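Let's take a stroll through this fold, starting from one residue and working outward to a sheet and what packs on it. Keep the 3D view open as you read.

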Amino acid sequence: MIEFTYNTMKELFYRLRRVNMATLKEGAEFANVSIATVSRILNDDNSLTVLPETKEKVIKAAEQLNYIPKSKRKGNHDEALTVAVIQWYSFEQEMRDTYYLSLIQGVENYLKTNGIIAKRIRKDDMDLNKVLENVQGIICIGKFEFEVVKELKEYTENIVLLDMDISPVTECCVTLDFDNAMFQVVDYFNRLGHKHIGFLGRGEYEELSLHISTRKSSFIKYCQYFGLKYTELLLENELTSEAGYNLIHNLAKTEELPTAIFAVNDPIAIGAMRALQDQGIRVPEQVSIIGFNNIEAGNFTTPSLTTVYAPSKEMGNLGAMLLHEMILKKKALFPMRVQLPCSLLERKSCKKII
């Protein structure tokens with residue numbers, strides 16, 4: 001339960017009326033109250049639990065100062081819903097990795113189909129506070145720190161996390177079943193007779209100190225389960241074809257390579273395949289390779305690339321649909337984790353060891 005004094009609320013709405021200072025965030029900060037609580041009271045959110053006296057004081061203060069919430073102003077009843085889509089990754093990452101492009105396409109396709117306005121921004125946007133004013137919901141795409149999510153909830157309780165598998169589950173999140181994807185990869189290599197396999201990628205998100213599972217941790221877990229030797233072939237920065245090529249090209253000159261390699265995306269796998277071929281190492285006769293994402297180019301490599309299909313577009317669509325449901329019902333969904341399955345697509349870049 002939250003309680004405010006009448007004078008405090010009156011001062012809040014007085015500040016909201018002032019020219020060039022009419023922001024809910026500024027007024028709420030001054031009165032030391034929750035933005036979400038004031039907004040939900042004024043917009044008749046029946047799911048909000050507050051003392052009757054508190055609600056009465058908020059409404060009375062607003063009426064006496066002629067403060068009208070945006071949703072109730074003349075002509076606003078038919079306005080389209082507006083949501084913020086906040087991306088954790090950079091523009092360069094989005095352009096180079098079709099996983100991110102597909103994910104955002106799924107989100108935007110749903111929003112456009114349902115007439116919902118999207119404010120698409122990145123988490124380090126300098127105008128983040130301004131953009132988040134008067135949105136009815138937020139979609140977070142990527143690996144956000146818990147403190148950031150907590151701050152975002154000051155703007156609205158309607159938040160969906162995409163591509164972020166958190167534990168314990170405190171929010172509504174939609175992600176892919178990376179753990180089972182890694183089981184499929186390691187099990188496939190094991191059935192082909194490989195005893196030494198490599199993980200080609202990066203130490204995913206360890207710097208964020210998040211309680212999330214990663215492909216690398218699952219990869220290692222299943223290697224240990226099957227009793228296989230594994231090597232971490234870690235890239236420093238970009239997850240690109242060039243980065244995969246350079247790492248494998250240099251490694252092949254000095255060290256013994258695993259007989260099978262899993263790359264965390266298809267461009268890296270394609271770069272690694274080219275590096276092996278330039279070094280006279282045959283794929284898949286000497287080294288088998290599996291990628292991730294199932295980009296179109298994988299069908300046209302020589303040999304064609306075995307990969308993992310990741311339904312990122314479907315994940316984006318589902319996340320937007322869940323957020324829409326929250327907004328329409330004027331009630332945040334119970335915290336949940338929704339995982340979509342990935343599937344291994346067998347092509348010609350892997351071979352059984354005889």
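**From one threonine to a sheet**

Thr175 counts as buried, because its relative accessibility is 0%. This is a predicted model, by the way, so treat everything below as computed from it. You'll find Thr175 in strand E5, which covers residues 172-176. Leaving aside residues up to four places away in sequence, Thr175 touches Asp163, Met164, Asp165, Met315, Val338, Gln339 and Leu340.

Now shift over to an open sheet of four strands, ordered E7-E6-E8-E9, with parallel pairing. Its edges are strand E7 (229-234) and strand E9 (288-290), each of which pairs on one side only. From one strand to the next, the twist averages 20 degrees. Zoom in on strand E6 (residues 196-201) and you'll see that six bridges join it to E7, the two running parallel. One spot to look for is Gly201, which stands opposite Leu234 in E7.

What packs on this sheet? Helix H9 (residues 178-191) does, touching E6, strand E8 (260-263) and E9, and its direction makes about 165 degrees with that of E8. Helix H11 (residues 241-254) packs on the sheet too, touching E6, E7 and E8; the direction of H11 makes about 125 degrees with that of E7.

Finally, have a look at the largest nonpolar core, which has 91 residues. Leu200, Phe262 and Ile289 have the most contacts inside that core. Take Phe262: not counting residues up to four places away in sequence, its contacts include Met182, Val185, Phe189, Leu200, Phe219 and Phe292.

Key. Residues numbered from 1 in each chain as written. Predicted model: local features only at pLDDT ≥ 70, side-chain atom pairs only at ≥ 80, totals over all residues. Heavy atoms only, no water. Core = buried A, V, L, I, M, F, W, Y, C linked by side-chain atoms within 4.5 Å. Buried < 20%, exposed > 50% of the residue type's maximum accessible area, 1.4 Å probe, protein only. Contact = heavy atoms within 4.5 Å. Pairing = 2+ DSSP bridges. Axes fitted to C-alpha atoms, helices over the stretch in contact; angles between N-to-C directions.
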